[in-house]
Structure formats: structure tokens, C-alpha cells
Amino acid sequence: MPEPFKQLVSRTFVIKQEAVDTDQIIPARFLTTTTREGLGKAAFYDWRYDADGNPKANEPLNTIDASEHRVLVAGDNFGCGSSREHAPWALTDYGFRAVISTTIADIFTSNALKNGLLPITVDKDTHARLMEDPGGRVSIDLDKSELTIGNNPPIKFHIEPFARRCLIEGVDPMGWLVDRVPTIETYERERAV
Amino acid sequence: MSSLNGPKTLLEKVWEKHVVQRETGETPAILYVDLHLVHEVTSPQAFSELDARGLKVRRPDRTFATLDHSTPTAPPGADGKRPYVTAEAEAQVATLERNCAKHGVTLAGWDSDDRGVVHVMAPELGLTQPGMVVVCGDSHTATHGAFGALAFGIGTSEVGHVLATQCLLQRKPKRMRVTVDGVLQPGVSAKDLTLAVIAEIGFGGGSGYVIEYAGSAIRALEMEGRMTLCNMSIEAGARAGMVAPDEKTIEFLRGRRHVAKGDRFEEIAREWLSLATDDGATFDKEIRIDGAAITPMATWGTTPDAALPIGSVAPTPANDTEAKALAYMGFEAGHATTEYPIDVVFVGSCTNGRLSDLRAAAEVLRGNKVKSGVRMLVVPGSEAVKKQAEDEGLHHVFKDAGAEWREPGCSMCIAMNGDFVAPGKLAISTSNRNFEGRQGKGARTILASPATAAASAIAGVLTDPRIFTQPAQEAKRA
């Protein structure tokens with residue numbers, strides 16, 4: 001289980017591109033792993049490394065202090081494509097704890113929430129403001145569901161309530177479901193499945 | 001959604017039957033899963049989680065595994081060893097073999113005639129049936145919606161949830177209906193229809209929705225064509241696509257191994273027909289497309305919705321993202337994408353790796369040669385497809401033309417098994433994604449139908465297949 005998520009104050013890292021797909025976030029050839037650890041090195045691999053596997057000096061993802069840039073801001077439809085949970089594993093291992101876009105793909109959202117990576121969707125104006133200020137400071141308060149950009153008034157965002165509770169209270173969704181196996185057994189008896 | 005007793009959509013009928021516990025403001029519904037498909041890439045960490053918690057697979061009888069993504073498509077060498085791309089890929093396959101043995105899960109492994117790409121294999125065996133909830137750690141699980149199942153991809157944490165409980169926590173999705181009426185022109189395939197639909201909805205336009213495909217053009221599609229269409233629902237952002245069961249669905253499933261037999265089958269088949277959306281049921285979004293207006297399609301950019309009729313010029317970019325896509329593809333605005341020499345042709349995948357797809361490619365290729373300098377790879381979607389194709393002699397057509405005939409698997413669609421397109425090379429692929437680097441680092445991908453792939457292999461450039469299949473009509477038109 002990821003550690004409980006309450007508040008995050010960080011600089012943003014901005015990717016000025018729409019439809020950043022899961023093959024960009026982590027190319028498929030890194031999916032032969034059987035563990036979830038250590039995938040940060042594969043995050044955005046084909047953007048960060050040249051054909052010989054050397055880090056590109058002019059790629060910001062290779063030069064920023066990841067511990068200072070924990071909020072990723074990107075264009076519409078972030079995380080589209082595959083269901084690979086390796087995408088949030090790679091992003092969190094790299095250092096990100098939140099992703100902000102206008103739209104974030106459904107399966108990516110579901111996967112991110114299970115790994116302590118907060119997927120926040122915002123309106124176009126707020127998004128434009130974030131996109132135009134790379135490295136700007138933002139503050140995220142999950143208790144209040146508020147995003148604050150610089151010294152501006154906070155903006156409300158929506159996270160599915162159960163996932164939000166899991167993140168704040170450290171509730172384990174698999175354990176929660178396992179606790180409901182008796183209800184599931186009743187359903188199976190009634191439907192004879 | 002509609003009231004409990006009012007007219008219902010196909011989605012609502014399937015959804016309601018699977019609600020173990022209703023959703024509230026605080027918690028999602030607990031949704032029951034009838035069929036859980038498993039492959040080697042997205043399952044190891046889920047099995048590890050079960051082991052760490054001392055849990056067992058709750059319903060191994062509703063869980064079915066196969067090997068497809070990391071598997072080599074070249075046959076074993078003289079030493080009997082399979083040519084895995086890395087030791088890690090081999091270890092991943094061994095991990096699934098071990099996990100299935102330990103938990104009593106049926107695995108269509110190397111020794112099984114059932115093995116295949118997960119979304120090709122399950123319908124063949126009759127595992128996928130109308131009205132089911134089907135999940136898999138794979139975004140192309142939407143394929144199974146062709147049978148009127150609610151089928152969608154999940155992440156590895158959720159694979160763990162289903163292994164442990166046979167259930168998922170889910171919020172009810174929104175309803176979209178895409179109606180395609182009219183009759184498809186001769187030489188226009190399900191893949192062309194699919195690319196036209198995605199271009200219309202847009203890459204993220206289906207986010208939050210389950211799509212029901214309806215209309216006379218959909219009803220006219222055979223089951224394999226419906227699978228191609230539903231398969232790519234995720235490329236429009238929708239987790240699932242569905243087609244209401246009809247006589248074609250019933251006849252496809254009749255006699256398949258995991259389907260009921262005799263009178264029981266007739267009874268179940270009647271229930272399947274009752275799943276169709278009721279007259280008067282409403283959708284959150286409706287899209288209408290004229291099927292008769294669709295012509296063979298191909299993509300020009302790096303998202304699957306960037307598709308146009310073959311022969312179109314690459315568009316003038318509307319924004320930075322489109323400009324970047326065009327630059328990556330090496331296409332120039334105002335120039336037809338049929339002008340650029342291609343290097344690789346790939347026929348296969350969960351989108352277009354079925355027998356009808358191989359027949360369509362072979363029909364074009366028969367008696368022709370793959371252009372010198374073009375590499376063509378034909379990868380059947382399953383052992384069964386491979387055998388049927390060989391029984392019909394299709395492998396000879398491919399080999400005689402100069403194409404490679406491979407072992408079943410995902411292969412060059414996801415390019416994680418060692419089959420890949422080299423940096424900068426231009427590929428025509430019958431798969432589902434043209435993302436940057438999807439088919440290999442720096443690979444450039446044009447998505448198209450099997451017939452188009454074959455026609456392009458012969459010509460060495462993107463080519464409308466109708467010049468091979470309907471020369472007379474083409475001549476008349478000219």
C-alpha cells in the first residue's frame with residue numbers, strides 16, 4: 001500500500017503535449033518485469049535516452065531534481081492507451097505524486113489511484129495557467145480536494161470518493177473486497193454461478 | 001440511468017445482473033466477474049500480492065490464462081530452445097506457468113493447441129459469451145464486447161482483486177451509442193469501419209463511456225469483424241464496446257467447447273437475444289455514421305483517430321501536437337500518404353489476427369510478390385487460426401509471396417518479444433496503435449486493414465486494396 005496522501009506542495013513539471021500515451025510513459029519492452037519496483041529509470045525512456053542508451057543532456061526529465069517536481073502537468077487525454085499499471089509504477093518511482101490534465105484516461109486513472117498517484121482533472125483555463133508556468137508552485141490538499149496555484153484562491157477537484165478515502169486513510173481496497181467475500185458468496189448462490 | 005422498470009440498454013441489462021452490492025455516494029458497486037482472462041505481462045505482481053497475503057485464487061474455474069505478449073514467434077531452434085528476446089521475458093512466461101500450476105488455473109501454454117492471443121483465443125473456445133462480465137489485464141479486452149458481454153481492461157492491482165474475490169469495485173459508466181447505418185461498399189472492411197468510427201469520436205471522446213455499436217452496417221458484420229470493431233473502442237477512450245447478440249452471435253458460439261449443448265443451448269440463446277437494448281432506452285451520447293460513405297482507411301499521425309480515406313493528403317496541422325505527429329511520421333502536409341515507401345508490413349494482433357483477416361490478406365497477395373526491400377510478417381492470432389489457415393493453404397500464399405509465416409502471438413503489435421520495426425522505418429500494421437515507438441523505438445506506424453496491408457506490401461507504398469480485388473470496377477471508375 002502506498003503511504004497515505006494528504007497534502008503535497010511542489011513545483012510542477014510541464015509536458016506540453018496532448019495524448020501522452022502509456023507507450024511514452026513506459027515503452028512495452030520494459031514490461032517483461034515480474035516486480036513493480038525500480039521502473040523510474042524506464043519512465044519516458046525513449047524521450048530521455050538516445051539510441052545507445054545514453055541520457056540526453058537536453059532532456060529536462062534528465063536534469064530536473066525529481067524530488068522538487070512531484071506534480072506532472074500535461075496536455076489533454078493523458079495516460080491513454082494500454083492498461084499497464086507499470087505506467088503509474090514508473091511515474092511514482094521517478095518521483096511524481098500527482099498528474100494534472102484536462103482529461104486523464106479511465107484505466108490510467110484507476111491504476112494511478114491504487115498507487116498513490118493523484119490524477120487531477122481541471123478546467124481549460126486552470127490547465128492553461130499551469131501549462132504556461134512550468135516549475136510553478138502548487139499545493140494539493142486531498143482532505144479538502146483543493147488545488148492551489150501559487151497564491152491564488154484554491155480550486156476544487158474531484159476524486160472518486162472511495163479511492164479518495166483509500167488514499168487519505170490508507171484503506172486497502174483488496175482487503176476491503178476480501179472482507180466482503182460472504183456477500184459475494186451469497187450473490188453466487190443466488191445466481192448459481 | 002433509466003429507471004429500474006423502464007426500457008434498458010444492453011449495458012444496463014448486463015451491469016445490473018452483475019451487481020453484488022449497489023454503488024452509493026461513498027462506495028462503488030461490487031461487480032461480479034464471470035470470466036477473468038490472464039496473460040504473462042500484467043499478472044505476476046497480482047499473484048505475488050495474493051501470495052504475500054496468503055490468499056488463493058477464489059474461482060480458478062472462472063480464470064483462464066494464456067501466453068501471448070512476451071512469447072517469441074519464431075519456432076524453437078535446433079536445440080529445442082525457444083528464442084526469447086531476453087532471459088527476463090522467458091522468466092516472465094515461467095512465472096505464469098508456475099502461478100497457474102500453484103493456483104489451479106487452466107493455462108493454454110506452449111503445449112496447448114488452445115494457446116493464442118488472449119482476445120482471439122477466448123472467443124474461439126466459447127469462453128466469451130453474451131451477457132457476461134469479462135475482464136483481463138489488457139486494454140483490448142473490449143474485443144469480447146462483440147458478443148454482447150461487458151468486457152474491459154483492468155490494471156494489475158485489479159487483476160489481484162479479481163483473482164482474490166472474483167469481483168471489482170466499479171462505478172457505472174456512461175452510455176454512448178454509435179449507429180452505423182447503410183451498406184459498406186465492396187472492398188471496405190470492418191477495420192476501415194473501425195478507423196472511421198474512431199476518427200469520428202476522437203481519441204479521448206469515449207472517455208467515461210461504454211459504447212454500444214448499432215445499426216444495419218454493424219448487424220451486417222460477421223463476428224470477427226465485430227471483434228475488430230469492439231477491440232479498438234479503447235482507442236476512442238472507451239473502456240468497452242458492445243454489440244447486441246443476434247443470430248450471428250448464436251451461430252458462432254454453437255458447438256464451441258465451453259458453451260452449453262443441446263436444449264440448454266437453445267434456452268441460453270433465447271436469453272442472449274433478450275439482452276438487446278429495449279426500444280425507447282436512452283443514451284448519454286449518440287453518434288451516427290453513414291456506413292455507405294466509408295472507404296478504405298489509414299492513419300497519418302501517431303494517434304488512432306488520425307485516420308483518413310486512403311489517397312487523402314496529410315492534413316495541415318491544427319496544433320503543435322498534430323505538427324509533432326506529422327514530423328514524427330515524416331509526412332508533409334498536402335502530400336498523399338500513399339507517396340512514401342514503406343519498409344515493413346505486419347498482419348496480425350488481437351485486432352486483425354483471425355482467420356477472416358488472414359484470408360483477406362491472402363486474397364490480395366495470391367499470385368503476387370511482396371515488393372523487394374519490404375519485410376512482411378504474418379502472425380496468426382492463435383494456434384487454431386494457424387492450423388485453419390494452413391489447412392486452407394494460406395501459409396503457402398504468404399510464403400510464396402515472400403512474407404514470413406510465424407507462430408501465434410502479439411508480436412510486432414506491442415513489440416516486446418523481439419519482433420519490432422527498426423528506428424525510422426515505416427510500417428503498415430493491422431494492429432491497433434500507431435503511438436510513437438509502439439512497434440519499436442523510432443518506428444513509424446500506419447494502421448490499416450489486412451487487405452490494405454497486403455496491397456501495400458505488393459506496391460511498396462500505402463495502397464487501396466480495391467485495385468487488386470476489384471480491378472474491373474476500378475477500371476470502370478477510371
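In this predicted model, an open sheet in chain B is built from 3 strands in the order E1-E2-E8, with antiparallel pairing. Strand E1 (19-21) and strand E8 (167-170) of chain B take the edge positions, and each has a single partner strand, so one side of each is left without a neighbour in the sheet. From one strand to the next, the twist averages 40°. A closer look at one of these pairings shows that 2 bridges connect E1(B) to strand E2 (residues 29-32) of chain B in the antiparallel sense. Gln21(B) has Ile30(B) in E2(B) as its bridge partner.

Attention now turns to another part of chain B, centred on strand E18. Strand E18 (residues 426-429) of chain B pairs with strand E15 (residues 344-347) of chain B over 3 bridges, in the parallel sense. E18(B) is also joined to strand E19 (residues 444-447) of chain B, through 4 bridges, and this pair runs parallel as well. Ser429(B) is a helpful residue to follow here: Ser429(B) is the bridge partner of Phe346(B), and Ser429(B) also stands opposite Leu447(B) in E19(B).

The surroundings of E18(B) can be read from its side chains. In a regular strand, side chains alternate between the two faces of the sheet. In E18(B), Leu426(B) and Ile428(B) lie on one side, while Ala427(B) and Ser429(B) lie on the other. These four residues are all buried, and both faces of E18(B) are thus covered.

Definitions and conventions: Residues numbered from 1 in each chain as written. Chains lettered and ligands numbered in written order. Predicted model: local features only at pLDDT ≥ 70, side-chain atom pairs only at ≥ 80, totals over all residues. Buried ≥ 20, exposed ≤ 12 C-beta atoms within 10 Å, placed from the backbone. Pairing = 2+ DSSP bridges. Axes fitted to C-alpha atoms, helices over the stretch in contact; angles between N-to-C directions.
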